[in-house]
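User: Please give me a close look at a single part of this protein, chosen by you, and set it in the context of the whole chain. I am in my first year, so explain each term when it comes up.

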Amino acid sequence: MDAGTNQSYLSGYLDSLAGQRQLSPHTISNYARDLRELAAFTQTLGERWEFAAVSHFHIRKFAAQLHARGLGPSSIARKLSAWRGFFEWLAQQTTLASNPVEGVKAPKRAKPLPKAMAADDAIHLVASGNPLADAGSSMALCNQAMFELLYSSGLRVSELAGLDLRYTRQDGYESAGWIDLDGAEVTVTGKGSKKRSVPVGGPAIRAIAAWLPQRETLLKGDQVEHAAALFLTERGSRMSARVIQLRLKHHAQALGAGSNVHPHMLRHSFASHMLQGSGDLRAVQELLGHASIAATQVYTSLDFQRLAQVYDAAHPRAKKISDK
């Protein structure tokens with residue numbers, strides 16, 4: 001089959017898109033561009049290569065070449081869709097045995113690395129009072145205790161909200177998590193109902209100690225779930241995860257730390273800073289309560305990203321080619 005015959009198939013398919021499916025000229029132009037790229041790939045296989053001879057293996061190879069050129073997953077997926085439609089049409093015109101694009105998927109989108117704060121920024125965030133609030137108020141003391149504990153122990157916000165002042169089992173209620181101030185540790189129930197104990201640093205212990213007298217003044221009623229809670233709202237009810245998220249967001253905004261600071265960012269910061277300081281991936285896995293080491297390994301990439309930024313900023317030979 002010569003290049004002219006291949007071109008006639010492409011023209012015929014594009015005509016069908018315009019006449020039968022009545023696609024817009026702009027959409028047809030996009031299809032034409034993607035199909036010309038398919039034709040260019042087939043020409044690399046031989047001068048007289050037929051579209052009907054293109055195999056599943058060839059399509060996978062073409063997709064891999066697109067990925068190697070730096071084309072994004074969504075763009076590759078669009079091209080594969082265009083090629084799939086063309087081969088479906090071609091099967092009606094020829095004796096095409098099967099559609100070679102079926103089962104070929106674009107590469108998955110890379111998951112963005114979790115955002116972590118620099119150590120100094122994280123410490124400033126959790127240690128500083130809100131300049132717009134009374135530092136001695138009950139809620140200001142509660143907030144600082146919560147934020148210090150989030151960063152100190154790398155807790156999930158749900159784990160923080162579920163903490164009790166002490167282990168409690170009463171009237172059908174049983175603590176999901178609790179703090180041991182004397183032992184300087186918290187016990188929490190993480191994903192998969194897996195319990196773990198995590199150390200608590202001195203600043204967090206002191207912040208909680210400052211909060212506890214205020215907590216006593218807020219206790220209302222005898223409902224165990226609320227009466228046992230470590231952190232309470234002004235109404236004396238257990239602090240919810242959503243309220244904690246909003247309080248941290250407003251606290252960060254008041255300090256000029258940005259509008260997208262959230263509790264999980266402090267957890268990411270805890271993990272990244274622990275890994276930077278220790279290099280012990282297994283220990284960080286245990287502290288975070290990850291069932292798989294793979295979930296913790298993302299922080300090795302995060303740490304390398306930080307090191308790469310330092311290298312690019314400091315090394316005299318780190319200039320990119322584009323900078324020359």
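Analyst: The secondary structure of the protein chain comes to 13 helices and 6 strands, where helices (H or I, at least four residues) and strands (E, at least two) are runs assigned by DSSP and numbered from the N terminus. This is a predicted model, in which local features need a pLDDT of at least 70 and side-chain atom pairs count only at pLDDT 80 or more, while totals for chains, interfaces and linings use all residues. Residues are numbered from 1 along each chain as its sequence is written, and side-chain values use heavy atoms, with hydrogens and water left out.

Of the 324 residues in the protein chain, 40% count as buried; buried means under 20% relative accessible area, exposed means over 50%, and partly exposed lies in between, with a 1.4 Å probe and protein chains only. Among the contacts between residues at least 6 apart in sequence, 57% join residues at least 24 apart, a contact being heavy atoms within 4.5 Å.

The part I have chosen is an open sheet of 4 strands, which has the order β1-β4-β5-β6 and mixed pairing. The edges are taken by β1 (163-164) and β6, each of which has a single partner strand, so one side of each is left without a neighbour in the sheet. Two strands are said to pair if DSSP finds at least two bridges between them, and, in general, strands of a sheet pair through backbone hydrogen bonds, either parallel or antiparallel.

Within this sheet, β5 and β6 pair in the antiparallel sense over 5 bridges. Valine 188 stands opposite arginine 196 in β6, and threonine 189 has lysine 195 of β6 as its bridge partner. The two strands β5 and β6 form a hairpin with 5 residues between them, and glycine 192 in the turn has a positive phi of about 70 degrees. Serine 193, in the loop between β5 and β6 (195-199), also has a positive phi, near 55 degrees, although serine 193 is not a glycine. With a relative accessibility of 63%, serine 193 counts as exposed.

In a regular strand the side chains alternate between the two faces of the sheet. Along β6, Arg196 and Val198 point to one face and are buried, whereas Lys195, Ser197 and Pro199 point to the other and are not.

On the other side of β5 in the sequence comes the loop between β4 (177-180) and β5 (185-189), where alanine 184 is found. Alanine 184 has a phi near 55 degrees, a positive value in a residue other than glycine, and is partly exposed, with a relative accessible area of 25%. Glycine 183 is placed in the loop between β4 and β5 as well and, at 44% relative accessibility, counts as partly exposed. Glycine 183 and valine 200 are 17 residues apart in sequence, and their C-alpha atoms are 8.8 Å apart in space.

A helix also belongs to this picture: α6 (residues 138-153) lies across β1, β5 and β6, and runs at about 100 degrees to β6. Axes here are lines fitted to C-alpha atoms, for helices over the stretch in contact, and angles run from 0 to 180 degrees between N-to-C directions. Helix α6 in turn packs with helix α8 (residues 202-218) at an angle of about 145 degrees, with their axes 8 Å apart. The residues of α6 that meet α8 include Met139, Leu141, Cys142 and Leu149, and those on the α8 side include Ala207, Ile208, Trp211 and Leu218. By class, the contact of α6 with α8 has 12 nonpolar, 4 polar and 1 charged residues, where Ala, Val, Leu, Ile, Met, Phe, Trp, Tyr, Cys and Pro count as nonpolar, Asp, Glu, Lys and Arg as charged, and the others, Gly among them, as polar.

Met139 and Leu218 appear again around threonine 233, which touches Met139, Leu218, Arg238 and Met239, not counting residues up to four places away in sequence. Threonine 233 lies in the loop between α9 (224-227) and α10 (241-254), and is buried, with a relative accessible area of 5%.
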